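Biologist: Before I trust any labels on this one, can we go through what stands behind them? I'll ask, you explain.

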Amino acid sequence: MDHTGADRFKTAILLLAVIGLVTGLALRVAGQDRLADLAWFAGVTPALVALVVEILRSIGRGEVGLDIVAALSMTAALTFGETLAAAVVAVMYSGGTFLESFAEGRARREMHALLSRVPRIATRHRNGGLEEVPLDALAPGDRLLIRQGDVVPVDGTVAADLAFLDTSALTGESLPVRLARGADAMSGSTNAGEAFDLVATHRAAESTYAGIVRLVEQAQRSKAPMSRLADRWSLGFLAVTLTIATAAWWATGDPIRAVAVLVVATPCPLILAVPVALVAGLSRAAHFGVLIKGAGPLETMARIRTLILDKTGTLTDGRPQIVSIDSHDGVGEAEILRLAAALDQASKHPVAQAIVAAAKARGFALPVPSEVAEIPGEGVVGRVDGRTVIVGGEGFVAKRVGRQSGDHPAMAAGSVLVAVAIDGRLAGHLVMSDPLREGAGAMLDGLRREGIARILLATGDRANVAEHVTEGLGLDGLRAGLTPDQKVLLVLTERKNGPVMMVGDGVNDAPALAAADVGVAMGARGAAASAEAADVVLLVDRIDRLGPGIEIARRSRRIAVESVVAGIGLSVLGMVAAAFGYLTPVQGALLQEVIDVAVILNALRALRINPAEATTAGALSPASAT
Ligand code: ADP
Ligand code: MG
């Protein structure tokens, strides 16, 4: 049954239950007790039948849920002549689904906000005038006019002296960002200042915002897996309920006591509160630019103790600058760069993209490479201008051309080294610097405060580079020279000591992300492989969002547990009172409804979580809560 069909069916059942209840009450007032019973009975039957069918189906799938308590309590109430209590339970149970979807709707609000602003047209400069064009028609190089209040349609660079962009919908950052001429503007942000010109650098479909929208939609389609939290508790609750009900009946010989107990237990805060709190947590995380793909990953994220970070593109900026070019074989520096960049056009590796950008900035026309073969994360081999070119890490190139004298250029400690071989001989090295991302140190401190006990660095780069770059960060370990496969092995080894989170970027980290309990991908743009393999995506390519993400996961899980403990505690108290005869079935049903509403309201508190780490990271003002 499709979604709306199922909704309509549920509405019909709720309506029948309400009509039955109200008609019965009217008849009771009119003194027609037998007819009143009949009306209540008629109102309960559809709800009960639908519920039993649903239960049989789920048992067929091997699942035992708390629906059984609801079915038992309605059946028992009807059997022992408590038709009014049965009618109240039927209304509340079928109404519960609506209460839940209302609460979930509220909880998803911020995720919808992320999607609701997709622009459809852009304003483009053409022949001295302006024209309105659909987004699909935009190409890199187009000059666009972004008016005040416009959403930036594609990624581009600012072509005015100054621009103010509001990125709050994407990052939760409340203050507008000030951009100077030539700075990168992210699609999906809003122009909070005067109108300015933007030169597109990407097509709409390849821009950040399109990637975000695609990922969020995908995450919403995948039905949130039933939370393990509720699963674990529900069998215990079922057992407690049945024990108290049976004991009360056996001790007093009065079946109505058992009916009252069952009625108090229905519906259960467990079914309602947990999904609401967790979905609210997902939504809150999205507000800060952290897309968590479901309740399952959120719960796991809350339990993470070990964190493994990739270096290039994750802990570092991933846009290395060329510091120097060393030539060993009499090949000119410009020629080394030109050939390496031509070949690296075929690679999505951040180092490759930086090399291409550097060559273009120097005005080189880059020929198209052929016969290209890449080992992701290690290097590329191919033909350019009829010559065989190899570009990559030292080990990768040395394995193919052998080590040669003079292959260790003088270089500042901590620079990334890219080796280039031409026609089977080592031609030279590109020495590049790739500094840490801003706020990396503060972020790691924050993660430790959030209870992450072990932080490791895993990199394909050389050990001395990694050591130098991460000096002072207080990492618990550093594994260098790893291929993507060895990163997977490291993740699997660490998982023996508890749940592991792996943070990485690019195609080469996708296997490690998939192997971790929680894989976190950087950025929604470009190489989608890592974002698809990941459980969590830092939408805006900012690693300082990791701390707030983990904090939100922990706190919303805590709120879920709290709601469940409080709700079940109150329910059990009510059941005991009912067992001792202090509550009639009808009073019990009403009491339970009060408990459920209270518990759901508590669960919705997860929507107001304001992560402290977001403010200590220095990027956010405390007033950013909405
Ligand atoms: P990390 O694990 O730190 O992210 P990678 O494993 O992605 O690093 O890359 C390690 C090194 O491999 C880079 O520093 C670079 O020297 C080299 N490398 C990999 N692929 C390429 C490429 N396509 N072009 C140039 N260098 C590359
Ligand atoms: Mg990397």
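Modeller: Let's start with burial: buried means under 20% relative accessible area, exposed means over 50%, and partly exposed is in between, using a 1.4 Å probe and protein chains only. This is a predicted model, where local features need pLDDT of at least 70 and side-chain atom pairs count only at pLDDT 80 or more, while totals for chains, interfaces and linings use all residues; side-chain values use heavy atoms, with hydrogens and water left out. Residues are numbered from 1 along each chain as its sequence is written, with chains lettered from A and ligands numbered from 1 in the order in which they are written.

Biologist: Why is Asp505 called buried?

Modeller: Asp505 has 8% relative accessibility. The cut-off is under 20%, so buried is the right word.

Biologist: What makes Asp310 buried?

Modeller: Its relative accessible area is 4%, so Asp310 passes the same test.

Biologist: Which residues coordinate the magnesium ion (ligand 2)?

Modeller: Asp310 (OD), Thr312 (O) and Asp505 (OD), at 2.2 to 2.6 Å. Donors are N, O and S atoms within 2.8 Å of the metal (3.2 Å for Na, K and Ca), and water is not among the atoms, so sites may look incomplete. Along the chain the donors follow the spacing D-x1-T-x192-D. Asp310 sits in strand β11 (residues 306-310) and Asp505 in the loop between β20 (500-504) and α19 (510-515), 195 residues apart. Helices (H or I, at least four residues) and strands (E, at least two) are DSSP runs, numbered from the N terminus.

Biologist: Why is Leu15 called exposed?

Modeller: Leu15, in helix α1 (residues 3-29), has 51% relative accessibility, and the line is drawn at over 50%, so exposed it is.

Biologist: And why is Asp385 called partly exposed?

Modeller: At 48%, Asp385 falls between the two cut-offs, so it gets the middle label. Asp385 is in the loop between β14 (379-384) and β15 (387-392), and its phi is positive, near 50°, though it isn't a glycine.

Biologist: What makes Asp423 partly exposed?

Modeller: Its 43% also lies in between, so the label fits. Asp423 is in the loop between β16 and β17, with a positive phi of about 50°.

Biologist: How do you know that the span of helix α14 agrees with what is expected?

Modeller: The expected span is 1.5 Å times one less than the number of residues. The 12 residues of α14 (residues 350-361) should therefore span 16 Å, and the end C-alpha atoms are 16 Å apart, so they agree.
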